[in-house]
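This report looks at the surroundings of a bound ligand and at the two pockets that lead the ranking by volume.

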Amino acid sequence: MSTPEIPQRPWRQRYHVSAIAWTVTIVVLLILSSMATGANFGMFLANINQFTVLLVQMSHPAWAYLSVIIQPLYETIQMAILGTTIGAAFAIPFSLLAASNLVGNKVLRNLIRLFLDLVRTLPDLLLAAIFVAVFGIGSTAGVITLAIFSFGMVSKLFYEVIETIDMGPLEAMKSVGASKVTIIWYAVLPQILNQFVSYFLYTLEINVRASTVLGYLGAGGIGVYLQRSLDQFNYSATAVIILATLVVVMVIDGVSNHLRRVLL
Amino acid sequence: MQATATQTNPIISFKHVNKIYDNGTVGLKDINFDIPRGQFLVVVGLSGAGKSTLLRTINRMHEITSGEVLVDNESVSDYKGKALRHLRRHIGMIFQNFNLVKRATVEKNVLSGLVGYYPTWRCVLGLFTPHDRKRAFQALDRVSLTKKLFSRADELSGGQQQRVAIARALMQDPKIMLADEPIASLDPRTTKAVMDTLKRLNREDGITVIVNLHSVELAREYADRIVGLRSGELVYDEPIDQVTEAGLNQIYQTKPEA
Ligand SMILES: Nc1ncnc2c1ncn2[C@@H]1O[C@H](COP(=O)(O)OP(=O)(O)OP(=O)(O)O)[C@@H](O)[C@H]1O
Ligand SMILES: [Mg+2]
């Protein structure tokens with residue numbers, strides 16, 4: 001018996017070619033992009049003065065304004081919940097079809113993935129601007145924007161979860177003569193449900209934050225008031241809006257974090 | 001090779017079965033033999049010999065490349081859709097990793113053995129008849145696990161999970177039970193419990209049982225007949241009273257490399 005020869009590592013691996021190439025590429029891209037966009041630290045420092053003026057005004061929040069913004073804040077949360085729910089509901093069938101361990105048909109799967117990638121490249125601000133133009137100022141535009149944004153994000157998260165499931169139970173269900181739908185219901189859903197809910201909550205957190213910004217474009221909710229106060233240089237009202245939003249976001253993050261911990 | 005050719009009307013027969021995987025690996029090579037009704041057959045062979053492949057061609061979890069697999073004198077190769085599901089619902093299968101839905105209750109796992117007999121919408125809504133729920137309980141009783149009816153599957157030990165898997169297969173009212181290394185991850189005592197259960201189903205219900213095993217000792221203890229595979233070929237086939245140590249050793253001899 002001869003001792004087996006240790007196989008030689010290819011030179012690409014031996015000299016870490018790809019790691020080095022990536023590092024160089026990323027550094028070059030960083031430098032180029034900062035040159036192209038004209039990002040300039042000097043300008044930031046020169047205008048810091050302006051910033052202190054704003055801060056001084058904002059440090060005197062007009063608390064009376066709070067009663068005005070309760071309703072729009074509530075609307076913002078509603079928008080986020082509705083948009084996330086619609087988006088996630090549509091994401092379920094698409095993520096099942098995009099999962100490589102469930103769909104053998106490569107063409108179908110890649111078409112679905114291409115579609116999902118396209119949806120994800122649409123910036124939410126652009127969507128909001130379009131839907132405000134179509135539906136007018138109000139929360140309908142906001143809900144649709146958030147639904148599409150959530151759909152794109154959640155379906156990717158969902159199909160990545162599906163691809164990590166234990167295939168054993170699927171094999172077992174197949175072996176007892178189950179139909180495709182029954183297999184998904186009995187062997188796939190129980191394995192992914194908790195993570196689905198967790199990602200739903202995570203997306204909801206993001207959407208509550210996003211919807212304040214969307215409102216700025218007229219898509220309903222608290223953002224409309226934020227924009228108004230800024231336009232009127234009413235910084236003490238701005239301060240109240242920001243603080244109230246902060247509290248709401250923190251509460252929602254806290255609740256959702258807690259739920260997700262319990263779930264996983 | 002001593003085939004049991006005297007037996008008429010075998011429940012399963014392999015006729016020149018070849019299986020080549022997409023990547024060119026030879027899974028099975030000209031497999032030819034019959035399995036009579038009610039036999040307890042053990043398949044042995046080295047890792048990679050093709051035991052799992054052989055087992056899975058019976059219920060078409062794997063497709064074969066050429067030849068024929070007959071179950072109840074009918075070639076299974078052409079079954080599609082509903083016919084295939086109907087073939088499978090009469091063939092129980094248990095696995096090395098049990099393959100239970102861990103987050104579901106034991107009851108639900110056992111009932112899931114029935115889904116081949118129910119329309120999809122009833123499965124989805126979980127609408128099983130009271131009669132079938134009772135049968136699930138009885139199936140658990142046969143594997144001595146009635147106390148665990150409402151436990152979650154992942155709260156059970158490995159041996160208990162495998163018995164739940166057997167109960168699930170029992171719900172199928174199977175003619176054939178396929179077991180792919182059902183005890184590979186179990187300790188000696190649980191191993192005995194699981195193998196005894198399989199043997200009992202074979203003796204009491206007349207279910208044809210085919211088990212892949214790594215342990216030659218267990219094979220000799222439980223089998224009516226032992227077949228051996230090596231690199232996809234059937235190299236050994238003896239009824240239990242003809243099995244000898246020397247014969248078994250020959251299965252595990254690797255071919256001298258060219
Ligand atoms: N999906 C697959 N694609 C390609 N080759 C495969 C596939 N499944 C199995 N094989 C190969 O086919 C051969 C037989 O595999 P099989 O799983 O049937 O062996 P086994 O006897 O069950 O082994 P073990 O005792 O390890 O379970 C092996 O060489 C294996 O690598
Ligand atoms: Mg195997």
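A residue is taken to be near a molecule if one of its heavy atoms lies within 4 Å of it. In this predicted model, 13 residues surround ligand 1, and those that come nearest are B:Ser47, B:Gly48, B:Lys51, B:Ser52 and B:Thr53. The shell around ligand 1 divides into three nonpolar, eight polar and two charged residues.

Polar contacts to oxygen atoms of ligand 1 involve both side chains and backbone, including the following.

| Residue | Part of the residue | Distance to an oxygen atom of ligand 1 |
|---|---|---|
| B:Ser47 | N or O atom in the side chain | 2.4 Å |
| B:His214 | polar side-chain atom | 2.9 Å |
| B:Ala49 | polar backbone atom | 3.2 Å |

Ligand 1 has 630 Å² of accessible area on its own, and the protein covers 64% of it.

The largest pocket, with a volume of about 610 Å³, is lined by 22 residues, and A:Leu102, A:Leu170, A:Lys174, A:Lys180 and A:Ile183 lie nearest its centre. At least two lining residues each are supplied by α5 (66–98), α9 (168–175) and α10 (180–216) of chain A and by α2 (81–89) of chain B. By class, the lining of this pocket has twelve nonpolar, four polar and six charged residues.

The second largest pocket has a volume of about 190 Å³, and its lining includes B:Arg135, B:Arg142, B:Asp173 and B:Lys175. Two helices of chain B, α5 (130–142) and α6 (158–171), give two or more residues to this lining, and α5(B) contributes the largest share, four residues. Here the division is five nonpolar, two polar and five charged residues.

Conventions: Residues numbered from 1 in each chain as written. Chains lettered and ligands numbered in written order. Predicted model: local features only at pLDDT ≥ 70, side-chain atom pairs only at ≥ 80, totals over all residues. Heavy atoms only, no water. Polar contact = N/O pair within 3.5 Å; in protein donor to acceptor, adjacent residues only side chain to side chain. Areas by Shrake-Rupley, 256 points an atom, 1.4 Å probe, with all protein chains shown as cover. Nonpolar A, V, L, I, M, F, W, Y, C, P; charged D, E, K, R; others polar. 1 Å grid on protein atoms, 1.4 Å probe; cavity = no way out; pocket = protein on both sides within 12 Å on 5 of 7 lines; lining within 4 Å. Points joined across faces, edges and corners; volume = space filled by probe spheres on them.
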